[in-house]
Amino acid sequence: MNKVYQWLGIASFALVLSSPTMAASLKVKGLKSSLEDNVDAYLSAISPSDYSDTLRFQEQVKTEIGQALQALGYYQPTYDYHVKGSGKKIAITVTVDAGQRTHISQSNIVITGDAKDDPAFISLLKDSGLGTGKALNQGKYETFKSSLQSLAVRRGYFDAELKKSELGVIPSRNEAIITIDFDSGRRYTFGETHFTGSQIKDERLRSMIPYTENEPYLASKLGLYNERLSNIGWFSSIYVGGDVAKRKDDKIPIEVALTPQVKNQIETGIGFSTDTGPRLKFNWKKPWITSNGHSFYLKSEISKEQPKVEAVYRIPLDDVLNNYYQIVGGIRYVDSHDTISTQLGLGVERHWKLASNWDRTVSLHWLNEKYKQGGDEKGTFNVFLPGLSYSKSEFSGGVFPSSGSKYNFSVEFANKALGSDTDFVRLQAKSAWIRSLGENQRGIFRVAGGAVLADSIRDIPPSLRYFIGGDNSIRGYGYESISPRNDLDRMIGGQYMATTSIEYQYRLYGNWWGALFYDYGSTWNNNKPDWMRGTGFGVRWASPVGPVRIDFAWGLDKPDKDKFQLHFSLGPEL
């Protein structure tokens with residue numbers, strides 16, 4: 001029994017030693033919301049080791065609290081200061097009554113110079129929160145002064161001067177008087193643009209300029225020009241800026257300093273998706289070939305089922321970003337499910353960016369396809385495909401957008417009179433949307449449809465028929481495993497296709513999201529559609545390089561017993 005008491009004593013002594021010692025504390029009561037937050041911020045600068053019961057420390061605490069309250073317009077607080085204990089065990093409690101808030105009784109804000117009629121300055125003044133009758137907030141006062149000067153620089157008022165700024169407070173009357181005299185001076189305009197270091201002709205670079213000479217200066221347009229020069233890919237470094245020191249006759253000369261991009265860029269990589277399995281890629285890019293800005297891009301992919309090589313030669317026109325020709329070509333081999341196909345392609349495309357922000361493409365493609373399909377078809381198709389397409393995409397929120405939309409509509413046709421082996425018309429339409437509800441909920445909706453108008457499915461090359469299923473189609477089914485079948489129960493592809501998908505996502509933690517989804521669709525010929533359903537749940541990681549998606553899906557209408565399918569993919573969701 002004595003040993004038991006000994007062990008209890010030792011344990012009790014250990015608990016006493018391990019229990020935390022009482023630390024000095026400082027608490028403020030009586031304040032809420034922004035007042036409480038601001039006071040806490042001011043007092044956080046005082047170390048607990050400095051807490052004491054001296055009058056000097058008491059005055060320091062009251063001074064910090066007073067300054068925090070004055071910043072929000074409270075100049076007559078009262079305090080109940082209470083101290084308990086001493087030394088390291090001191091506990092200080094301050095109960096504060098903030099009193100009445102000070103309001104602006106007079107607001108004398110005058111903007112002179114060209115900025116007096118500038119809508120941006122008028123809007124800034126309107127939204128300043130410094131009008132007569134408004135509650136005083138010193139932060140808004142300081143922010144407004146800073147905003148006046150920064151806005152002047154951004155909008156070309158380089159002679160602007162804050163001539164007077166005063167904030168007078170009458171605490172006994174809870175009144176404040178604001179006086180600001182801001183002279184913007186004249187507004188400068190864009191002067192001549194000078195280029196240095198460029199390997200591309202000046203007229204090509206000028207076609208991307210978003211401003212005109214003598215137009216009022218706006219720094220955001222220089223930022224837009226910098227972005228356009230970056231997007232074109234011709235340069236490794238870019239500087240676009242106004243040379244304020246050389247301003248003359250109301251004009252700011254614009255200096256553009258450029259460094260050419262390397263002539264050859266090589267990219268290699270390894271990828272994987274449950275649709276196509278592992279794959280190796282080798283890409284070769286020549287960002288610029290001539291002083292007119294021509295470029296070349298070769299993309300190759302090695303995989304078990306669909307190895308391919310594609311090449312693009314781009315010829316920019318006068319508006320280099322928005323108007324250009326492309327010569328495209330490639331070879332692709334497919335050995336998947338019931339399709340064995342070798343495809344050779346060559347084409348010419350003309351691209352426009354329309355004022356409505358739609359991309360329009362007119363194209364002429366040649367396709368030579370040697371194939372075996374469904375166990376009872378084989379042959380070779382030679383097809384010339386004139387086509388027209390419209391597309392548009394808009395996103396906001398980075399690589400994991402909070403909102404976005406994507407549209408694509410196209411029509412192609414083949415005719416024996418134009419040298420094709422067959423006659424048909426191919427129509428396609430795809431749309432997708434991302435929408436968010438707050439910061440923790442997202443929704444994705446997709447819809448797609450297509451039709452190949454021909455006398456028979458055998459009049460259409462297999463690569464232009466419809467096979468659906470997989471990561472970006474109907475989950476719960478293998479990649480392109482849904483298709484009409486022949487008498488041998490082998491896939492032959494469809495003339496018509498329709499799919500839709502709805503997905504709900506909820507943020508689990510940080511950049512990790514959970515997802516629930518339901519997919520629905522079919523591909524068919526002249527018979528009635530056999531609709532397929534897929535559903536399941538997944539995990540999303542908003543990685544720095546784009547969404548990583550893992551889906552656990554069930555094909556509800558699979559004919560076999562194994563209805564489960566795992567899907568993995570990396571890249572844009574739309």
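## A tour from cavity to strand

Start by selecting Asp471, Arg475, Arg549, Asp551, His567, Phe568 and Ser569: these residues line the largest cavity. Keep in mind that the model is predicted. Color the strands next. Two elements, β24 (546-555) and β25 (564-570), each give two or more residues to this lining. The biggest contributor is β25, with three residues.

Now color the lining by residue class. Four residues are charged, two are polar and one is nonpolar. The volume of this largest cavity is about 40 Å³. How many cavities of 30 Å³ or more does a search of the whole structure find? The search returns one.

**Next stop: the three-stranded sheet**

Select β4, β6 and β5. They form an open sheet in the order β4-β6-β5, and the pairing is mixed. Why is one side of β4 and one side of β5 left without a neighbour in the sheet? Both β4 (103-112) and β5 (161-170) stand at the edges and have a single partner strand each, so one side of each lacks a neighbour there. From one strand to the next, the twist averages 5°.

Zoom in on β4 and β6. Strand β6 covers residues 175-183 and runs parallel to β4, joined to it by nine bridges. For one position to label, pick Val110: opposite it, in β6, stands Asp181.

Then show helix α5, residues 138-154. This helix packs on the sheet and touches β4, β5 and β6. Its direction makes about 5° with that of β6.

**Next stop: a hairpin**

Select residues 295-303 for β12 and 308-316 for β13. The two strands run antiparallel, with seven bridges between them. What joins β12 to β13? A hairpin does, through four residues. To follow one bridge, label Ser300 and its partner in β13, Val309.

**Last stop: His82**

Select His82, in strand β2 (residues 78-84). Is His82 buried, exposed or partly exposed? Its relative accessibility is 47%, which lies between the 20% and 50% cut-offs, so His82 counts as partly exposed.

Show its surroundings. Leaving out residues up to four places away in sequence, His82 touches Ala91, Ile92 and Thr93.

Finish with a distance. Pick the C-alpha atoms of His82 and Trp512: they are 47 Å apart in space. In sequence, His82 and Trp512 are 430 residues apart.

Notes. Residues numbered from 1 in each chain as written. Predicted model: local features only at pLDDT ≥ 70, side-chain atom pairs only at ≥ 80, totals over all residues. Heavy atoms only, no water. Pairing = 2+ DSSP bridges. 1 Å grid on protein atoms, 1.4 Å probe; cavity = no way out; pocket = protein on both sides within 12 Å on 5 of 7 lines; lining within 4 Å. Points joined across faces, edges and corners; volume = space filled by probe spheres on them. Nonpolar A, V, L, I, M, F, W, Y, C, P; charged D, E, K, R; others polar. Axes fitted to C-alpha atoms, helices over the stretch in contact; angles between N-to-C directions. Contact = heavy atoms within 4.5 Å. Buried < 20%, exposed > 50% of the residue type's maximum accessible area, 1.4 Å probe, protein only.
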